[in-house]
Amino acid sequence: MCVPRLTLTALSLLLPAASAWSQVQLPDSPGRSEFEKLCRNCHELARSVSKQQDRDGWLATMSKMTAFGMKGSEDEHRAIVDYLSRNFGADALPPIKINEASAIELDSGLGLRRSQAARLIAHREKNGKFKSLADLTKIPGIEAAKFEAKKDRILF
Ligand code: HEC
């Protein structure tokens with residue numbers, strides 16, 4: 001009796017994770033496999049890299065996740081902190097793929113409010129891919145300055 005319900009629940013948990021995963025950009029460098037192993041267990045990987053911060057910041061995040069119940073050996077934890085501080089450090093910001101970015105990525109990458117990220121995505125779905133900075137400034141309700149400030153990181 002409850003099999004279909006269970007299946008649906010499992011699907012609704014898995015699907016968002018799968019789509020966020022396909023969008024997140026993971027640089028291929030040492031520590032990636034440890035990161036993928038440990039950081040996708042409780043939430044999508046996009047959330048795991050939704051911050052850019054220095055080593056101390058990532059150490060603090062690791063302690064927080066450990067407190068939530070994250071497992072893994074000391075070596076794995078060290079490899080992950082290295083990986084994250086190298087690739088998602090305060091000064092090593094990843095590009096923002098404006099035509100693919102999820103709400104979380106727009107939120108953290110461009111400093112958009114949630115409602116603005118939703119507007120951008122709705123605009124993208126309705127009008128197709130953005131081709132230039134000028135296209136972005138046509139979205140109602142988002143200040144052009146938000147894009148101007150990050151224009152070097154925006155990929156079309
Ligand atoms: C045992 C479950 C668990 C695992 C494994 C886990 N997380 Fe989390 N994570 C959480 C929970 C629960 C939240 C939401 C907490 C909140 O919003 O304050 C979260 C939120 C986050 C956030 C956003 C909010 C914040 O507090 O910074 C980041 C970044 C994050 N996790 C990174 C990671 C990374 C990196 C890994 C792998 C090293 C990881 N998580 C593995 C449970 C986990």
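Modeller: A word on terms before we start: helices (H or I, at least four residues) and strands (E, at least two) are DSSP runs, numbered from the N terminus. This is a predicted model, in which local features need pLDDT of at least 70 and side-chain atom pairs count only at pLDDT 80 or more, while totals for chains, interfaces and linings use all residues. Residues are numbered from 1 along each chain as its sequence is written.

Biologist: How many helices and strands does the protein chain have, and in what order do the elements run?

Modeller: There are nine helices and two strands. Starting at the N terminus, the order is α-α-α-α-α-β-α-α-α-α-β.

Biologist: Why is α6 called oblique to α7?

Modeller: Helix α6 (residues 103-110) and helix α7 (residues 114-127) pack at about 120°, and their axes lie 9 Å apart. Axes are lines fitted to C-alpha atoms, for helices over the stretch in contact, and angles run from 0 to 180 degrees between N-to-C directions. Under 35 degrees is roughly parallel, over 145 roughly antiparallel, 65 to 115 roughly perpendicular, and the rest oblique. The angle of about 120° therefore makes α6 oblique to α7.

Biologist: Which way do α6 and α7 cross, left-handed or right-handed?

Modeller: Right-handed; that is the word if the near helix is turned clockwise from the far one by less than a right angle, and left-handed if anticlockwise.

Biologist: Which residues make the contact of α6 with α7?

Modeller: From α6 come Ala-103, Leu-106 and Asp-107, and from α7 come Arg-114, Ala-117, Ala-118, Leu-120 and Ile-121. Residues are in contact if their C-beta atoms, placed from the backbone, lie within 7 Å. By class there are six nonpolar, no polar and two charged residues. Ala, Val, Leu, Ile, Met, Phe, Trp, Tyr, Cys and Pro count as nonpolar, Asp, Glu, Lys and Arg as charged, and the others, Gly among them, as polar. Asp-107 and Arg-114 are therefore the two charged residues here.

Biologist: What makes Glu-105 of α6 count as buried?

Modeller: Glu-105 has 23 other C-beta atoms within 10 Å. Buried means 20 or more, exposed 12 or fewer, and partly exposed in between, with C-beta atoms placed from the backbone, so Glu-105 is buried. Its C-alpha is 8.9 Å from that of Ala-117, 12 residues away in sequence. Across the protein chain, buried residues make up 21% of the 156.

Biologist: And Thr-61, in helix α4: why does Thr-61 count as partly exposed?

Modeller: Thr-61 has 17 C-beta neighbours inside 10 Å, which falls between the two limits, so partly exposed is the right term. Thr-61 and Val-81 are 20 residues apart in sequence, with their C-alpha atoms 9.3 Å apart.

Biologist: How do you know that α4 is oblique to α5?

Modeller: α4 and helix α5 (residues 74-87) pack at about 135°, with axes 9 Å apart. That angle makes α4 oblique to α5, and their crossing is right-handed. Arg-55, Trp-58, Leu-59 and Met-62 of α4 meet His-77, Ile-80, Val-81, Leu-84 and Ser-85 of α5. Six of these residues are nonpolar, two polar and one charged.

Biologist: Which residues come nearest to the ligand?

Modeller: Cys-39, Cys-42, Ser-48, Gly-69 and Met-70, out of 17 around the ligand; a residue is near if its C-beta atom, placed from the backbone, lies within 6 Å. Two or more residues come from each of α3 (45-48) and α4 (55-67), and α4 gives the most, with four. The shell has eight nonpolar, six polar and three charged residues.
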